[in-house]
Amino acid sequence: MRYVSSAPTGGSTTTKSPLASGKWVRLEKTTYVDAAGTTRIWETAKRTTRRSTTTADGVGIIAVLKRTLHKDCMVLVKQFRPPLGCHTLEFPAGLIDDNETAEAAALRELKEETGYKGEVVGITPVTCLDPGLSNCTTYIVTVNINGDDPDNLHPSQKLEFVEVILLPLDEFQKKIDELLQREDVVMDSKVYIYAMGITQAFAKPKELPVLKQ
Ligand SMILES: Nc1nc(=O)[nH]c2c1ncn2[C@H]1C[C@H](O)[C@@H](COP(=O)(O)OP(=O)(O)O)O1
């Protein structure tokens, strides 16, 4: 059984010419040769902040708050996002500074956005975010927060425009769905897919398969 498409997938970019540039973002016309050998053009958005010393634009942080006699909680941030014109619910995230490791960026951004001091427990390879639009990439860093640590008893972040939302890990998707009923926010797809993955992993294996003919 094949799980991989046998369709030709080759392709290569040839030239990149600027269309427009701002302080944070530039738009490029990317000329590329597709798998059939045809030269085509793609409009591509790129961050101007990417440095040669960093391997991805940013980090996303899957942070779990662990406290004695409390359910483990996922740490999310709610903020107004100008490109969407509304509030979003996301994992804490941010751009990697020059000469900064992804792990250090994750702990710095977590502290800035939530006030929590964390410990890195894992990191993904470089992952892309919206490859049909942009070359933007991110590491997803998993972080544990010891909520019993005196430094984490009264976390205070200094960003007035970011609200920290804690949701219990064992009901993550259900609590997100309830929040979406109450509040006018758009979910970040990474968060929702992570919640769906938890549901799949822990709920579905208990169900016996019944195959439809
Ligand atoms: N696309 C952007 N347009 C802007 O006008 N400003 C931007 C863009 N991307 C980042 N920024 C600014 C806003 C913040 O002052 C800094 C740092 O953002 P950071 O916290 O690292 O990342 P996010 O949380 O994902 O915004 O950059």
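Of the contacts in the protein chain with a separation of 6 or more, 54% are between residues 24 or more positions apart. The model is predicted. The protein chain holds 3 helices and 12 strands. Its C-alpha trace spans about 60 × 55 × 35 Å along the principal axes. Of the 213 residues in the protein chain, 34% are buried.

The surface and the charges were computed for the whole chain. The protein chain exposes about 13600 Å². Carbon and sulfur atoms supply 57% of that area. The side chains include 26 positive and 28 negative ones. The centres of these two sets lie 5 Å apart.

One annotated region comes from a record. In an unreviewed entry, UniProt places the feature "domain: Nudix hydrolase" at residues 54–193. In the model, this span is 21% helix and 38% strand. The C-alpha atoms at the two ends of residues 54–193 are 27 Å apart.

Within the N-terminal part, Gly10 comes in the segment before strand 1, which covers residues 12–21. Gly10 has a relative accessible area of 45%, so it is partly exposed. Leaving aside residues up to four places away in sequence, Gly10 touches Asp34 and Ala35. Gly10 was also compared with Thr44. The two residues are 34 residues apart in sequence. In space, their C-alpha atoms are 19 Å apart.

Thr44 also appears in the surroundings of Thr30. Thr30 belongs to strand 2, residues 25–33. Its relative accessibility is 8%, and Thr30 therefore counts as buried. The side chains of Thr30 and Thr44 are joined by a polar contact of 2.7 Å. Residues up to four places away in sequence aside, Thr30 touches Thr13, Thr15, Lys16, Arg40, Ile41, Trp42 and Thr44.

A further threonine, Thr137, lies in strand 10, which runs over residues 137–146. Thr137 is buried because its relative accessible area is 12%, and the cut-off for buried is under 20%. Its contacts were listed without residues up to four places away in sequence. On that basis Thr137 touches Arg50, Thr55, Ala56, Asp57 and Gly58, among others. The list also includes Val126, Thr127, Cys128 and Leu129.

Backbone angles were examined next. Most residues other than glycine have a negative phi. Leu69 has a positive phi, near 60°, and is not a glycine. Leu69 sits in a loop, with strand 4 (58–66) before it and strand 5 (73–81) after it. Its relative accessibility is 85%, so Leu69 counts as exposed.

Asn99 is also a residue other than glycine with a positive phi, of about 60°. The loop that holds Asn99 runs between strand 7 (93–95) and helix 1 (102–114). Asn99 has a relative accessible area of 65% and is therefore exposed.

The residues described here thus fall into separate accessibility classes because of their relative accessible areas: Thr30 is buried at 8%, Gly10 is partly exposed at 45%, and Leu69 is exposed at 85%.

Definitions and conventions
Residues numbered from 1 in each chain as written. Predicted model: local features only at pLDDT ≥ 70, side-chain atom pairs only at ≥ 80, totals over all residues. Heavy atoms only, no water. Helix = DSSP H or I, 4+ residues; strand = E, 2+ residues; numbered from the N terminus. Buried < 20%, exposed > 50% of the residue type's maximum accessible area, 1.4 Å probe, protein only. Contact = heavy atoms within 4.5 Å. Areas by Shrake-Rupley, 256 points an atom, 1.4 Å probe, with all protein chains shown as cover. Lys, Arg positive; Asp, Glu negative; His and termini not counted. Charge placed at Lys NZ, Arg CZ, Asp CG, Glu CD. UniProt positions renumbered as here; feature names shortened; annotations may be inferred. Polar contact = N/O pair within 3.5 Å; in protein donor to acceptor, adjacent residues only side chain to side chain.
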